[in-house]
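Here's a friendly walk through a structure you may be meeting for the first time. Keep the sequence and the 3D view open while you read.

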Amino acid sequence: MRPLRSAAGLLALAVLALTACNRDAAPAAEPAAPPAQAAAVDRDEHSYAEPDKVVTEDLALDIALDFDAKTIAGTATYTLQWTDQAATQLVLDTRDLTISKVEGEAAGGQWQPLQYALADADATLGSKLTIETPERNAKVRVTYVTSPDASGLQWLTPEMTEGKQLPFMFSQSQQIHARSWVPLQDTPAIRYTYTAHVTARPDVMVLMSADNDPAAQRDGDYSFKMPQKIPSYLMAIAAGDLVFQEISGRAGVWAEPAMIDRAVAEFADTEKMIEVTEQLYGPYRWERYDLLILPPSFPYGGMENPRLSFITPTVIVGDKSLVSLIAHELAHSWSGNLVTFSSAKHGWLNEGFTSYVENRIVESLYGKEVSDMEYVIARNSLRENIASMPEGTQALAVKPDVALDADDALSAVSYDKGAWFLQFLEQRFGRENFDTFLRGYFDHFAFQSITTEQFLAYAKENLFDKFPDTVTDAEIQEWVYAPGIPGYAPQVMSRNFGIVDSARLAWLGSAQLPPRQITDAWSTQEWLHFLESLPPTLTVEQLAQLDEAYTFTGTDNGEIAMRWYPLAVRSGYTQANEALAEFTTRVGRRKLIMPIYTALVQTEAGLALAKQIFETARPGYHPITTGSVETLINEAKPAPAPAPAETPAADAAAPAPAN
Ligand code: BES
Ligand code: ZN
């Protein structure tokens, strides 16, 4: 067996390995496309709303939660601003809603019935609700009830919760699911304030993306106010056995009692994160910033609902190693919630800016090495993903003629190519200039919804023209409108990953595991890099050796699980199957479980196991996750399972979705 090298040798090896794996794809040969037309003609294809005729200024909800029927029922009242004085209709988005009445407030203040038509459902967009408003009422009121299968809600029985005593429900409105629990103009191009009066059984606490009171009494009757204008995808509600503990005067955690202490310890740095972001980009403008810890079926890692980020419990791993998720959701308070994309096609304005800001927060709080590791992990997976994406979806700004699935609209391109572009600008213009520019940008467009072209016009005036000859037009065009990653994109190297690479290469060559004193110091990020850089398949003996040393099978760390189990599946390491099934049944976060299902459905035997897991897990999954898994299983084309030893270096390693 080959002995391990010295630390210096390890480092040299590591640099070599990293250079090899970080090499970019060749720069896109195709010339950059010209920018799309100005904002005015940009239409949100995911909504029936007609913002050029009428916009909602305020929404007042008066609703009741029924945990037995799994429904929300009540009224939504819109205060409208008619921009087209010839308009005669108000068009709203709905999905699976039953509408029982529509009224308009007449000039004298009395409510009168209005005629309306609910169109047949479109599979993607839902049902267009057209209300006849010949008098262009200043207020319109819709009485409705949701379906128990509403795509934007999950209703959990007490057995499906941590405490097992009370039921739980929560919403996930982004991208176009708000319409499944409120009839509304469901496009981020429109912003409005809202109030809500919500009744529920008296033993559950109700929270919204609004002014939650940490001292609120549970009595089944709650009132909320959101005085800042928000887009519809930020409408949010949750109810359950929720208790509060503070982190600072303006930040705290809501969670089930059994989770609260662990959550508060994990997210103790939240106030520091707010302060750092304020220093960089200006004041936090939403008053409180609280976290709501959801059950493990929450289909995302986090959701930036204003004043109350919704957070998966899968990042509570005991060592704060996954708290960049909090940095991310908090960063949206500037990039996304304050300055918002006007449609999902400009998704990078939300997610790319946020991933960049997230990384700056992580660097400030935990140091450059940690932020570098996170960039390397993200960019390795971007490179892997982008290669198999159609060219049209590889551009930051998606062209009008490219169709987008709203649930998948935000790919690794929006997040990681977006952040990369901003890091490129930062390096060219210098950190100080770029920070000043971004701060000005958030201020200039505060509480507005904008397009890529509006950003570019602002950047031209306030950055590109101010420091001429720093970037070329062609470079900007390539970053924003061309596929692939520019060959001159800045490179990030992680020293720590160099050590990981050397250890991995040494183990692959000699079966000698790295010394304990090295791996004992590894954080989650180093383990992720170790697992990700392994060949697509290993022998069962190799996996058993790793498992014995590091106990990957059964890990509580979802980021490790989502890399280890697919490797186990591809390599025929069936010893992991039981724990894999347990993890995939308990957790509903799409990013973590889709790679596992994707690996499974490549073979007949795996597909059978996938179907079995899905059947058991399905009642506990969120509708968004159910939809993704169902499609994957239905479209699977499994190959008969070869003996593990002959498995070709599998193309089975399908890219993971970015969210
Ligand atoms: N806003 C997104 C979640 C989202 C995106 C929901 C698109 C629906 C459609 C959220 O801020 C997010 O990016 N979450 C990531 C977190 C990660 C990148 C740190 C997730 O859920 O994994
Ligand atoms: Zn995000």
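I624 counts as buried, since its relative accessibility is 5% and the cut-off for buried is under 20%. You'll find I624 in helix α19, which covers residues 623–634. Have a look at R589 as well: it sits 35 residues away from I624 in sequence, and their C-alpha atoms are 9.7 Å apart in space. Before going further, keep in mind that this is a predicted model.

**A few more buried spots**

Which element holds E453? That would be helix α9, made of residues 452–464. E453 is buried too, at 13% relative accessibility. Its side chain makes a polar contact of 2.4 Å with the side chain of Y481.

Now scroll back along the chain to A150. This residue belongs to the loop that links β8 (139–145) and β9 (153–156). Being in a loop doesn't put A150 out in the open here: its relative accessibility is 1%, so A150 counts as buried. From A150 to A178 you travel 28 residues along the chain, while the C-alpha atoms of the two are separated by 9.5 Å.

The loop between β10 (168–171) and β11 (191–199) is worth a stop, and Q175 is found there. A cis peptide bond joins Q174 to Q175, with omega at about 0 degrees. I176 is in the loop between β10 and β11 as well. Is I176 buried or exposed? It's buried, with 5% relative accessibility. I176 also has G126 at 9.3 Å, C-alpha to C-alpha, though 50 residues of sequence lie between their positions.

**Two residues with positive phi**

Next come K70 and D96. K70 has a phi near 55 degrees, a positive value in a residue other than glycine. D96 isn't a glycine either, and its phi is positive at about 55 degrees. Where do they sit? K70 is in the loop between β1 (54–66) and β2 (71–82), and D96 is in the loop between β3 (89–94) and β4 (98–105). K70 is partly exposed, at 30% relative accessible area, and D96 is partly exposed at 43%.

**The zinc ion**

Now for the metal. The zinc ion, ligand 2, is coordinated by NE2 of H328, NE2 of H332 and two OE atoms of E351, at 1.9 to 2.8 Å. Along the chain, these donors follow the spacing H-x3-H-x18-E. Why does the pair H328 and E351 tie together parts that are 23 residues apart in sequence? Because H328 lies in helix α4 while E351 lies in helix α5 (residues 347–366). As for the geometry, the site has six donor atoms with angles of 51 to 161 degrees among them, and it is irregular. Two of the coordinating residues are tucked away: H328 counts as buried at 8% relative accessibility, and E351 is buried with a relative accessible area of 2%.

**Ligand 1 and its surroundings**

E351 turns up again at ligand 1, and so do some other side chains. Here are three polar side-chain atoms and the ligand atoms they face.

| Residue | Atom of ligand 1 | Distance |
|---|---|---|
| E304 | nitrogen | 2.7 Å |
| E351 | nitrogen | 3.0 Å |
| Y415 | oxygen | 2.7 Å |

How much of ligand 1 does the protein cover? It covers 94% of the 520 Å² of accessible area that ligand 1 has on its own.

There are 15 residues around ligand 1, and the ones that come nearest are Q174, G301, E304, E329 and Y415. You've already met Q174, in the cis peptide bond with Q175. By type, the shell divides into five nonpolar, six polar and four charged residues. Both β18 (302–303) and α4 (324–331) supply at least two residues of this shell. The largest share, three residues, comes from α4. Helix α4 is also where H328 lies, one of the residues that coordinate the zinc ion.

Terms used: Residues numbered from 1 in each chain as written. Chains lettered and ligands numbered in written order. Predicted model: local features only at pLDDT ≥ 70, side-chain atom pairs only at ≥ 80, totals over all residues. Heavy atoms only, no water. Near = heavy atom within 4 Å. Polar contact = N/O pair within 3.5 Å; in protein donor to acceptor, adjacent residues only side chain to side chain. Areas by Shrake-Rupley, 256 points an atom, 1.4 Å probe, with all protein chains shown as cover. Helix = DSSP H or I, 4+ residues; strand = E, 2+ residues; numbered from the N terminus. Nonpolar A, V, L, I, M, F, W, Y, C, P; charged D, E, K, R; others polar. Donors = N, O, S within 2.8 Å, 3.2 Å for Na, K, Ca; no water. Tetrahedral: all angles 85-135°; square planar, octahedral: opposite > 155°, others 65-115°. Buried < 20%, exposed > 50% of the residue type's maximum accessible area, 1.4 Å probe, protein only.
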